[in-house]
Amino acid sequence: PSGGFVPALVIGSGYGASVTALRLGEAGIDTLVLEMGRLWDGPAPFCPMLTPDRRSMWFRTRTAAPLDSFLWLPVVNRDIDPYPGVLDRVDFPNMKVYVGRGVGGGSLVNGGMAVVPQRRFFPEILPGVDVDEMYGTYFPLANRMLGVNSVDPAWWEAADCYSYARVSRADAAKAGYGTSFVPNVYDFGYLEREAAGQVAKSALNSEVIYGNNHGKRSLDKSYIPAALGTGRVRLQTLTRVTGIARDGDGTYAVQTATIDESGAVTGTALINCRYLFLGAGSLGTTQLLLTARETGALPGLNDQVGLGWGDNGNVMTARANWKPTGCVQASMPTLGIDATNDPVPVFAEIAPIPAGVETFASLYLAITKSPERGSFGYDRASGTVSLRWGSTQKDFAVSAAKRVFDRINAANATIYRHDLFSGNRAFGDDFCYHPLGGAVLGKATDLYGRVSGCPNLYVNDASLIPGWTGVNPFVTITALAERNMARVLAADGLHN
Ligand code: FDA
């Protein structure tokens, strides 16, 4: 069946897609946004983090949290009914990638840390992108649009819920490492009211990876209402794009499948558009492009599609520090350890363990400058796309993180915890939160996300970033998307 024609179509509703939709709408271009997840609306749509139900994860029969055991016991995960839940884990050999599903994409499940990369690293993060323009215009714009705010340091120093971060700060200082506050999109004014017992708790109720019921300015509270408010943007949920092709008249044909809450396909459609914007995230966008190239649906795509994927050097680790770190830990991180002057630069987010009980542990998500890159391959027999990531490709990142935390352990006479990641491991080295690349800027696309060999086809999400941002990536994804749209709308003559 035909779904008709729209001038512009955006696939996905995460950071890149939301920016794209807003700027298209403001330019008067009628735009349809397709999102495979659901709209998470209503007063408190998300399930509790410590007693997850079907709303927690995308069509699974058991939750799959990154810290999957405690004192070596499998007490963390729960059986659930399959449902279009908010957090997905896409499993490839040696690499499990966590992504958000729903209107707002990763903004629904992430820690809200809104970090601008250090300027000195930017030429390596996005080669060919004007540094002055990014730091003068687009990073400030992204921060403003996302509603980024900073915690009040005086309140923070006395807050019980950040005792875990103060303990880690002191431990890092003993090893000679400084820390810095990181901004967030969680409303710290709301958090102060949570701590004072004045409002419903969210960050103080362990909520994060399965969604925050309060306090967080996710994209469904920032860019997406602004996009819908232009009157030019429509949003269709529970609709997955299953294929893209280019018709003889130069329009793009987008194949969709709509599902119900059980996952059953309730309808398919073919929607034609003049301008197609891919914002399905690093995995989603790369999968659509690679499939289109390998099946001949978009034969003009170049050989860079599917290359340059990285995990932002993500490594998780935990220390047993013998000191109490607090029963109630605010789930929104506020502090990072700056080891960016080490031989391999490392920025380690001091993460909460929102278990609701005293763990005597400190948790970290280290972002290491790992040169390892993966690539995607298309399997003709099954028609599926898979990430190729070798079993030793995390070794570099682990050794960089280990260098930092060995030093912190030595300075504090502490040791690693081995009970939190299954398999008795000290390092969570088989997953990532920050998938980047697959359709890299200046390689699979030009320097503004225009896909090489396919007029009017654009990539505008994490796929453009070649594998590493040095810090948590969503401000960079947002700022780059703003920059690309400014150029495309000024230069490409888009019309209805
Ligand atoms: P994003 O992944 O946000 O959105 C893509 C959307 O497209 C999704 O909604 C998906 O459902 C949809 N989609 C995919 N394929 C589709 C298809 N075929 N058809 C229709 N829809 C499709 N970053 C940071 O800066 N600070 C932080 O604190 C954190 N913390 C964090 C924690 C956790 C648990 C996770 C999983 C991730 C983070 N991140 C983070 C990472 C951050 O969330 C991530 O980098 C961005 O969401 C990526 O933005 P994109 O716009 O690329 O896509």
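This is a short chat about the ligand site and the cysteines of a predicted model.

Student: What should I know about the model and its numbering?
Tutor: It is predicted, so local features need pLDDT of at least 70 and side-chain atom pairs pLDDT 80 or more, while totals for chains, interfaces and linings use all residues. Residues are numbered from 1 along each chain as its sequence is written, and side-chain values use heavy atoms, without hydrogens and water.

Student: Which residues come nearest the ligand?
Tutor: Glu35, Gly106, Met113, Val241 and Phe474, out of 36 around the ligand. Being around the ligand takes a heavy atom within 4 Å.

Student: Which backbone atoms lie by a nitrogen atom of the ligand?
Tutor: A backbone N or O atom of Met113 is 2.8 Å from a ligand nitrogen, and one of Met36 is 3.2 Å from a ligand nitrogen.

Student: What about an oxygen atom of the ligand?
Tutor: The side chain of Asn110 has an N or O atom 3.1 Å from a ligand oxygen.

Student: How much of the ligand does the protein bury?
Tutor: 96% of the 1,000 Å² that the ligand exposes when taken alone, by the Shrake-Rupley method with a 1.4 Å probe.

Student: New topic. How many disulfides?
Tutor: Zero, where a disulfide is a pair of cysteine sulfur atoms within 2.5 Å.

Student: Why is Cys161 not in a bond?
Tutor: Because the closest cysteine sulfur, in Cys327, is 13 Å away from the sulfur of Cys161, too far for a bond.

Student: Is Cys161 buried or exposed?
Tutor: Buried, at 6% relative accessibility; buried means under 20% relative accessible area, with a 1.4 Å probe and protein chains only. Cys432 is also buried, at 0%.

Terms used. A polar contact is a pair of N or O atoms within 3.5 Å; within protein, one must be able to donate a hydrogen and the other to accept it, and residues adjacent in sequence count only if both atoms are side-chain atoms. Buried means under 20% relative accessible area, exposed over 50%, partly exposed in between (1.4 Å probe, protein chains only).
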